[in-house]
Amino acid sequence: MPTPPPDPRACPTCGDELRFEILDDERFLVAWSCVNCGLIRTTEPV
Ligand SMILES: [Zn+2]
């Protein structure tokens, strides 16, 4: 059985669910933040 890819909506540090916030609608810049440990990731598709 192939291992499922890591859930992009889960915190890589604590595994908690991330909540996202749209920073820039035109550039699809989104920030994912974890309320549990404070981790913040930003995604900016090219
Ligand atoms: Zn976390």
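The chain contains zero helices and three strands. Helices (H or I, at least four residues) and strands (E, at least two) are DSSP runs, numbered from the N terminus. Along the sequence, the elements follow the pattern β-β-β. The model is predicted: local features need pLDDT of at least 70, side-chain atom pairs count only at pLDDT 80 or more, and totals for chains, interfaces and linings use all residues. Residues are numbered from 1 along each chain as its sequence is written.

Confidence is expressed as pLDDT, the predictor's confidence in each residue, from 0 to 100. The chain has a mean pLDDT of 85. A value of 70 or more is reached by 85% of its residues. Among the elements, β2 has the highest mean, 92. The lowest mean, 88, belongs to β3.

The three strands form an open sheet. Their order is β1-β2-β3, and the pairing is antiparallel. β1 (18-24) and β3 (40-43) stand at the edges, each with a single partner strand, so one side of each is left without a neighbour in the sheet. From one strand to the next, the twist averages 25°. For such angles, axes are lines fitted to C-alpha atoms, for helices over the stretch in contact, and angles run from 0 to 180 degrees between N-to-C directions. Two strands pair if DSSP finds at least two bridges between them. In general, strands of a sheet pair through backbone hydrogen bonds, either parallel or antiparallel.

β1 and β2 (residues 29-34) run antiparallel and are joined by six bridges. Several of the partners can be named. L18 stands opposite C34 in β2. R19 has S33 of β2 as its bridge partner. E21 is matched with A31 in β2. The hairpin of β1 and β2 has four residues between the strands.

F28 lies in the loop between β1 and β2. Its phi is positive, about 55°, although F28 is not a glycine. Most residues other than glycine have a negative phi, and most peptide bonds are trans. F28 counts as exposed because it has 12 C-beta neighbours inside 10 Å. A residue is buried if 20 or more other C-beta atoms lie within 10 Å of its own, exposed if 12 or fewer, and partly exposed in between; C-beta atoms are placed from the backbone.

The second pairing links β2 and β3. It is antiparallel and spans four bridges. These two strands form a hairpin with five residues between them. In the turn, G38 has a positive phi of about 85°. V35 also lies in the loop between β2 and β3. With 11 C-beta neighbours inside 10 Å, V35 counts as exposed. The C-alpha atoms of V35 and L18 are separated by 7.2 Å, with their positions 17 residues apart along the chain.

S33 is placed in strand β2. Its bridge partner in β3 is I40, and in β1 S33 partners R19. S33 is partly exposed, with 16 other C-beta atoms within 10 Å. Apart from neighbours within four places in sequence, S33 is in contact with L18, R19, E21 and I40. Two residues are in contact if their C-beta atoms, placed from the backbone, lie within 7 Å. S33 and R9 are 24 residues apart along the chain, and their C-alpha atoms are separated by 9.5 Å.

T43 belongs to strand β3. It counts as exposed, with 12 C-beta neighbours inside 10 Å. Leaving aside neighbours within four places in sequence, T43 is in contact with V30 and W32. T43 and I22 are 21 residues apart in sequence, and 9.9 Å apart in space, C-alpha to C-alpha.

Burial was also assessed for the whole chain. Buried residues make up 0% of its 46 residues. β1 is hardly covered, with a count of zero buried residues among its seven. Among contacts between residues at least 6 apart in sequence, 12% join residues at least 24 apart.
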